[in-house]
Amino acid sequence: MPQYFAILGKSDNPVYEAEFTTQQGQQGQLQKGFPQHLKELNPFIMHASLDIIEDLQWKLNSNVQHGTNNSGFGSFLRSKNVNVTDNCYLGKVDHFYGLAITAYLTFSGMKFVMIHGNLDKNSTQVDDNAVKSFYQEVHELYIKTLMNPFYKINDPITSAAFDTRVRSLARKYLNK
Amino acid sequence: MSSKSSGSAQLRSLKIMGEDVWKNRTEKVNAELFTLTYGSIVSQLCIDYQRDFQKVNKQLFSMGYNIGVRLIEDFLAKTALPRCENMVKTSEAISKCAFKIFLNMTPQVTNFSPEKDAFSLIIDENPLSDFVELPMDAMKQLWYSNILCGVLKGALQMVQLECDVWFISDVLKGDAHTELRIKLNKVLKDEIPIGED
Amino acid sequence: MAIYSFWIFDRHCNCIFDREWTLSSNSSSGTVNSKQNEETAKLLYGMVFSLRSMTQKVSSGPLKNEIKSIATGKYRIHVYCTASGLQFVLITDFKQQSYTEVLQYIYSHIYVKYVAHNLFSAYDFADNKNETRGQGFRKIANRNFVQSLESFLSPMIVQ
């Protein structure tokens, strides 16, 4: 199941993008990514889902009760009892002809978006827990990148170390 | 025999003194705040000097010099150490007391020259450069922690040791370890009042 | 116990601060950095310097020997030297044997705090070549320094 992952800034500017492919090593087959005609569509699909993400980002949750968890998607009105990054994961926000799109918001408004492809042409199932853990670890890597004094916010992330680590996280969480 | 055992006893007491002063008599500040402040100084200098990294290195060195001439008073007030007789003692005082008190790290002292007037400090975990990745053009020329060289030069100057301090290698540049070299040029003579000479 | 005066000398043999208390009953009496004390400063420094160099030549062994106090018939002089060449001198009467802790406190909490750590004050009070070897005229004029010195030493003056 290939994935297309990107980090987008507040003006929809891409900061990082990567395609993760599955490996079918036993039969000696090559890595299978998205089919060629879909590859070009990936950025468009991603940007199309941004509207929905921003909708969720700024929606105010009117059912907030004092002391209850604000889980699930939506607002940033978090209670203090929740683990800090629990509310960042928005889950599956959109779909496009069988591809699923998940998203994750950081605290400063950076969007981590991923398109989940499927080789079997069925509708894609998204393993929420694995994807959420993946997003949380990429979030930590992103924070470490921000700590670099030479990195200006919204700059493209060109560090090879970041790239390697994100890919190894993808192998760990997304290709079970 | 007796000088050797008193030498190692002195080393241990320097180490104990450094740790004691660090634990009890220094005010602590958040390490990430310190790292981020230093990082913003260096990156702002790079912008201000328009990526002329030789000028940035020089400016970091002179900033460090101004810090060092004052920091030595703080160091002497906390440890009340007298002047060291030779560079071996100086190297131990720098690595076990000074670095411990101010940065909570103990660099290794190695590579003494045959005349015992130059030595290297190997820094394994540099708190100034946590999370830092140098951009490609800076990697060839910028010594990120050059402020440390200035601090050491200024501080040693105030105890009458005129030294050259410079970086030999830096992990940020891709080398195996971070190494700083200190070489004694001459011992300055104390001034005597007019009428005594 | 009574303190008569307090002096600071730097490594260029200059007196960079002096405070003299003229009336032992009034802790705010006396002079700060007055010009009349310049001759006294030079004589005092000369005496301390000669005795220090003699003791260091006479003493044997690796550890440096520093003088701590000099007693005359009417007063006692206490000296605290740092490795950076600063000398803190206190002239007192005979009631107390050692003022080392007092001088150490003045160094670490008053001098270091208000002069060394203050980036707007000089760290080297000889600003040009003419001011070395005892010919200097630059003094510590830092208000915070003087005030905290006064508040620290005033309780010790009156008695």
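How much area do chain B and chain A bury between them, and what share of it lies on carbon and sulfur atoms? In this predicted model, the two chains bury about 860 Å². Carbon and sulfur atoms account for 74% of that area. The contact brings 14 residues of chain B against 7 residues of chain A. On the chain B side, the greatest losses of area to chain A fall on Leu36(B), Phe131(B) and Glu133(B). Together these three residues make up 57% of what that side buries. No salt bridge is counted, the total between chain B and chain A being 0. Polar contacts are present, with 3 residue pairs across the interface, both partners at pLDDT 80 or more. By class, the side of chain B that touches chain A holds 9 nonpolar, 3 polar and 2 charged residues.

Chain B also meets chain C. Here the buried area is about 2300 Å², with 55% from carbon and sulfur atoms. Chain B contributes 23 residues to the contact, and chain C contributes 31. Arg70(B), Glu73(B) and Glu191(B) supply 32% of the area that chain B buries against chain C, more than any other three residues. The count of salt bridges across this interface is 0. Polar contacts number 10 residue pairs, again with both residues at pLDDT 80 or more. Two helices of chain B, H3 (53-79) and H6 (146-158), each place at least two residues on the side that touches chain C. H3(B) gives the most, with 7 residues. The residues on this side of chain B comprise 12 nonpolar, 3 polar and 8 charged.

Within chain A, the secondary structure consists of 5 helices and 5 strands. Their order along the sequence is β-β-α-α-α-β-β-β-α-α. Chain A has 176 residues, of which 44% count as buried. Contacts between residues at least 6 apart in sequence were also examined in chain A; 57% of them join residues at least 24 apart.

Aromatic pairing was examined next. Over all chains, the structure holds 28 aromatic pairs. One of them joins Tyr89(A) and Tyr135(A), whose ring centres lie 5.8 Å apart. The planes of these two rings stand at 45°, so the pair is classed as tilted. Tyr89(A) belongs to strand S3 (residues 89-96) of chain A, and Tyr135(A) to helix H4 (residues 128-147) of chain A. The pair therefore ties together parts that are 46 residues apart in sequence. Tyr89(A) has a relative accessible area of 9% and is buried. Tyr135(A) is buried too, at 0% relative accessibility. A stacked pair is formed by Tyr104(A) and Phe112(A), with 5.6 Å from centre to centre and 20° between the planes. Both Tyr104(A) and Phe112(A) are buried. These four residues belong to a cluster linked by ring pairs. The cluster also includes Phe5(A), Tyr16(A), Phe20(A), Phe134(A), Tyr142(A) and Phe162(A).

In chain B, the surroundings of Ser95(B) were examined. Ser95(B) lies in helix H4 (residues 87-103) of chain B. Its relative accessibility is 0%, so Ser95(B) counts as buried. A polar atom of the Ser95(B) side chain lies 3.4 Å from the backbone oxygen of Pro107(B). Pro107(B) is also one of the residues in contact with Ser95(B) once neighbours within four places in sequence are left aside. The others in that set are Lys100(B), Met105(B), Thr106(B), Val109(B) and Leu121(B).

Two non-glycine residues with positive phi complete the description. In chain A, Asn154(A) has a phi of about 75°. Asn154(A) sits in the loop between H4 and helix H5 (160-174) of chain A. Its relative accessibility is 33%, so Asn154(A) counts as partly exposed. In chain C, phi of Cys13(C) is near 65°. Cys13(C) occupies the loop between strand S1 (3-9) and strand S2 (15-20) of chain C. At 5% relative accessibility, Cys13(C) counts as buried.

Conventions
Residues are numbered from 1 along each chain as its sequence is written. Chains are lettered from A and ligands numbered from 1 in the order in which they are written. This is a predicted model: local features need pLDDT of at least 70, side-chain atom pairs count only at pLDDT 80 or more; totals for chains, interfaces and linings use all residues. Side-chain values use heavy atoms; hydrogens and water are left out. Contact means heavy atoms within 4.5 Å. Buried area is the accessible area (1.4 Å probe) that two parts lose on being put together, summed over both. A salt bridge is a side-chain nitrogen of Lys or Arg within 4 Å of a carboxyl oxygen of Asp or Glu. A polar contact is a pair of N or O atoms within 3.5 Å; within protein, one must be able to donate a hydrogen and the other to accept it, and residues adjacent in sequence count only if both atoms are side-chain atoms. Helices (H or I, at least four residues) and strands (E, at least two) are DSSP runs, numbered from the N terminus. Ala, Val, Leu, Ile, Met, Phe, Trp, Tyr, Cys and Pro count as nonpolar, Asp, Glu, Lys and Arg as charged, and the others, Gly among them, as polar. Rings of Phe, Tyr and Trp (its six-membered ring) pair if their centres lie within 6.5 Å; planes under 30 degrees apart count as stacked, over 60 as edge-to-face and the rest as tilted. Buried means under 20% relative accessible area, exposed over 50%, partly exposed in between (1.4 Å probe, protein chains only).
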